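Open the model in your viewer and keep the sequence panel visible. This tour goes from the whole chain to a single side chain.

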Amino acid sequence: CLRRDLDLTHTMFAFGDVLEGVRARIIDKDNHPAWRIKRIEDVRVEDVERMFASPWSPNEHPLRALHG
């Protein structure tokens with residue numbers, strides 16, 4: 001679970017709109033984010049699968065030593 005959470009967090013910052021949300025809410029305080037995907041209906045299965053793909057191989061994952 002922790003490995004998956006790290007993978008998801010990594011890809012959310014790399015490919016998601018986390019930074020745009022931070023910009024709109026905290027940095028510029030305009031509360032008008034320019035989301036990459038405007039409507040939930042426009043989210044593709046490939047987009048969701050990409051978010052859960054690990055950027056690391058199993059042997060290189062930073063949390064590879066965790067057993068569970």
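The stops below say what to select and what is there.

**Stop 1: the whole chain.** Show the protein chain as a cartoon; keep in mind that the model is predicted. You should find 3 helices and 0 strands, and from the N terminus on the order of elements is α-α-α.

**Stop 2: the overall dimensions.** Switch to the C-alpha trace and turn it along its principal axes, where it spans about 45 × 25 × 15 Å. The radius of gyration of the protein chain is 15 Å, whereas a compact globule of 68 residues would have one near 11 Å.

**Stop 3: the surface.** Turn on the surface of the protein chain, which exposes about 5600 Å². Carbon and sulfur atoms supply 59% of that area. Of the 68 residues, 12% count as buried. Next, select the charged side chains: 11 are positive and 12 are negative. The centres of these two sets lie 3 Å apart.

**Stop 4: the loop after α2.** Select α2 (18–27) and α3 (45–52), then the loop between them, which holds K38. Is K38 buried or exposed? K38 is exposed, because its relative accessible area is 63% and exposed means over 50%.

**Stop 5: around K38.** Show W35 as well. A polar atom of the K38 side chain lies 2.7 Å from the backbone oxygen of W35. Finally, add L66 and draw a C-alpha to C-alpha distance from K38: the two are 37 Å apart in space and 28 residues apart in sequence.

Note on methods. Residues numbered from 1 in each chain as written. Predicted model: local features only at pLDDT ≥ 70, side-chain atom pairs only at ≥ 80, totals over all residues. Heavy atoms only, no water. Helix = DSSP H or I, 4+ residues; strand = E, 2+ residues; numbered from the N terminus. Buried < 20%, exposed > 50% of the residue type's maximum accessible area, 1.4 Å probe, protein only. Polar contact = N/O pair within 3.5 Å; in protein donor to acceptor, adjacent residues only side chain to side chain. Rg over C-alpha atoms; globule rule 2.2 N^0.38 Å. Areas by Shrake-Rupley, 256 points an atom, 1.4 Å probe, with all protein chains shown as cover. Lys, Arg positive; Asp, Glu negative; His and termini not counted. Charge placed at Lys NZ, Arg CZ, Asp CG, Glu CD.
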